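Colleague: I'd like to learn how to read this model feature by feature. Could you give me the general idea each time, and then the case at hand?

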Amino acid sequence: MLSIQHISKQFDTVKALTDVSFDVPNGQILGLIGQNGAGKSTTFHSILNFIKYDGTITWQSHPLSSDDFDTIGYLPEERSLMTKLTIEQQIVYLARLKNKSAKDIRPRIDDWLGRFAVKGTRKSRINDLSKGNQQKVQLICTLIHHPKLLILDEPFSGLDPVNADLLKQAILNARDDGAAIIFSSHDMENVSALCDHLVMLRKGEMVLNGTLNEVRSQFGKTELYVTTDWSATRLTTLPGVADVETRQPGQYLLHLTDPAVGPDIFAELTQGHYIEEFSQQPPTLDEIFRMKVGEDHA
Amino acid sequence: MRKTWVVTFETYLRQIKSWSFLFMVLGPFLMIGLTIGISYLSANSASSSKQVAIISTSQPLRRDYIKQQDSGLNTKITTVSAAKSAMGKNHLAGYLLLSDNQQQIRADYHGSSQMSRALKAQTQNFLSRYQQAHNYQQAKLTTKQQRLLARTPVLQQHIEKKAGTANLAKTISFWILVTMIYIILITYSSIAAQEIASDKGTKIMEIIFSSTTATSYFVGKITGILLVILTQIVIYLLGGWAAFQFAMNSASLKPLITQYQSLIDAVLHNLLSINLVYLFLGVIIYTILAAYSGAVVAKAEDASKAAQPVVMLGMFGFFATFPFQNNMDALLVKILSYVPFFSSYFMPMRIINGTVNGWEQTISLVVLLAAIALFAGYIGSQYQRLMLQTDNRSFWQHLLHGWRHQS
């Protein structure tokens, strides 16, 4: 388990992290969300000991040291490889730095290239690959040694939906192998789809921490999805409706001021008749993210 | 340790397999080969047209001249008409007509240009000796009289050897050594600085530092570069040995080498000694400084500028040796022979000159080794911070910042 307890970091006059604490148990995925500059990369750099920080970070109950390097898979935010090498040379070099022998790694390369649908062979030069394929090679370098602690900084950035699905599958496989996984993302859909646990940072402070359901439940079931022949204007007259969004013609999202008004709205809208859709839910992660960012701007 | 070797191996292979290394190593051999080849071709094509024919109605006179020196002579042409014909076809530079008229030896040179200085001197020498022998014979002098007439005055120079004055072997050794140190330092300082600077601020460094310690990586890089230097030195030693063997088997070069054998032995003795240790340690400390310079550049794009401080220091050390090559006893030379970065130039100079004892050499070596250890340790500890940050601090600001972080 990765345990982060009360870490703080200050760069000159800027507070990058303030008293951040969370755990990532083995076999679980934690999503770290936040705006640019919220402190996500600083958190990763602290875990990897790239920077000095106040507080405690432990991995498997001891401070993370060079002895643990071989069990870490790290994907930095910006992609960077040694462009003059071939795919095979690059993968083998980085795997050897993880104490894997070339003999172990070489037979696995073709399988991984196939798994990520990389367009190129093991002999292709990194320089000759497209940006997307370079990113996939970097992902292979991060995963091929079967890390037990996986740190992925914006892993979905720049990937199309098909490739994002391939990556999601690889992350889920690593989780099933028992790895503790922490990743940052701006795409709340990916976070919702993958995470067991969620932490949101805002200006270095932790503003959300919990499972996806816990976080969403904190905000109450204030979102009401309905499909009806009522007009948007008429819907706003219902009791406790703050705002109405038209999703599709006849499909609306009602923002409620109080979750308790749900049954009253149901009675009035249906009048005892069949209705195609009436679903009262907490806000989506995307909405929560916007709300939290908005709070800061308000 | 294993990871350090992985980095060493990768750095070494990347450098060795590059075109720039190949050109750097083979460059001097290609240049020498090209020069010899062109000289050979030029000599071959020009040799016949540079020859001179010796023609005389007196066969003994002609025979004696040719016996004295036959190189550069065409001995096949024996008549004036044949010589003129060969000159017309540009196969002959000229002909020397030797005659013996009324006991007077005479030589007339006919050519399109002046006689070469060597041929002129050789001909004058021959004519003087021949005429003298002829004169003695005609004058019917006794052997004693001949000896008395042959007596010449003597002029001999007696130079007192001053302390600090280098003889020829020392001068040659000095120049070969300082030039060798300078070229290797400048070349590899640039390579080391650029090798490190090109990684600066790149995310691959983050991946690498999540796999191995910065110190281990730094040591691996430096060792890789040092192995490249060693490879180049070994190739040059092998090349030098092969060239020596070639020269020893070459009829034209062997006499030259035999003539200067003692000088060659003295120079080799000066070079293949503890001076090589100074050369290698000097390369190590300059390479570490170059790596540091590479690590403090603002960004990878500035890699080409990275080596400048080291190159300047190396040049300063090189040019600082010039005024002292004939004055090794100067106080400054003694001081600089203990100062790291300069001792690699100045201590070998003193060793070649024989003005330093074993203790002084040991102290200088210990100081140099300690400086290398301290310097490598300090940079190793700062390396991760330097490589991961991208800011516009200068070399000196980084140095000060590093010291503050240490304290």
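Modeller: Let's start with burial: a residue is buried if 20 or more other C-beta atoms lie within 10 Å of its own, exposed if 12 or fewer, and partly exposed in between, with C-beta atoms placed from the backbone. A:His146 is partly exposed because 16 other C-beta atoms lie within 10 Å. Bear in mind that this is a predicted model, where local features need pLDDT of at least 70 and side-chain atom pairs count only at pLDDT 80 or more, while totals for chains, interfaces and linings use all residues. Residues are numbered from 1 along each chain as its sequence is written, and chains are lettered from A and ligands numbered from 1 in the order in which they are written.

Colleague: Where does A:His146 sit along the chain?

Modeller: For that you need the elements: helices (H or I, at least four residues) and strands (E, at least two) are DSSP runs, numbered from the N terminus. A:His146 is in the loop between helix H4 (131-143) and strand E7 (149-153) of chain A. Its backbone is worth a look too, since phi is near 50°, a positive value in a residue other than glycine.

Colleague: And what about the phi of A:Gln60?

Modeller: A:Gln60 has a positive phi of about 55°, although this residue is not a glycine. You'll find A:Gln60 in the loop between strand E4 (54-59) and strand E5 (62-63) of chain A. A:Gln60 counts as partly exposed because 14 other C-beta atoms are within 10 Å.

Colleague: Zooming out, how many helices and strands does chain A have?

Modeller: Chain A comes to ten helices and 14 strands. Its C-alpha trace spans about 70 × 45 × 30 Å along the principal axes, and buried residues make up 37% of its 298 residues. The domain bounds, which come from an automatic or database domain assignment, give domain 1 (2-217) and domain 2 (223-281) in chain A. The centres of these two domains, taken over C-alpha atoms, are separated by 41 Å.

Colleague: What does UniProt list for residues 2-228 of chain A?

Modeller: A caution about such records: UniProt positions are given in the numbering used here, feature names are shortened, and annotations may be inferred rather than shown by experiment. The unreviewed UniProt entry lists residues 2-228 of chain A as "domain: ABC transporter". Over that stretch, chain A is 33% helix and 29% strand.

Colleague: Now chain B. What is its radius of gyration, and how do I read that?

Modeller: The radius of gyration is taken over C-alpha atoms, and the globule rule is 2.2 Å times the number of residues to the power 0.38. A compact globule of 407 residues would come out near 22 Å, but chain B has 32 Å. The C-alpha atoms of chain B fill a box of roughly 100 × 50 × 35 Å along the principal axes. Chain B has 18 helices and four strands, and it is divided into domain 1 (50-144) and domain 2 (166-406). The C-alpha centres of those domains of chain B lie 58 Å apart.

Colleague: Which stretches of chain B does UniProt list as "transmembrane region"?

Modeller: The unreviewed entry lists several, including residues 268-294 and 363-380 of chain B. Residues 268-294 of chain B are 93% helix and 0% strand, with end C-alpha atoms 36 Å apart. Residues 363-380 of chain B are 100% helix, and there the end C-alpha atoms are 25 Å apart.

Colleague: How many residues does each chain bring to the contact?

Modeller: Two residues are in contact if their C-beta atoms, placed from the backbone, lie within 7 Å. Chain B brings 17 residues and chain A brings 18 residues. On the side of chain B that touches chain A, the elements giving two or more residues are helix H1 (2-16), helix H8 (203-209) and helix H17 (358-388). H8(B) supplies the largest share of that side, six residues.

Colleague: Is B:Ile207 in that helix buried or exposed?

Modeller: B:Ile207, which lies in helix H8 of chain B, is buried because it has 21 other C-beta atoms within 10 Å. Leaving out residues up to four places away in sequence, B:Ile207 touches A:Tyr74, A:Pro76 and A:Leu94.
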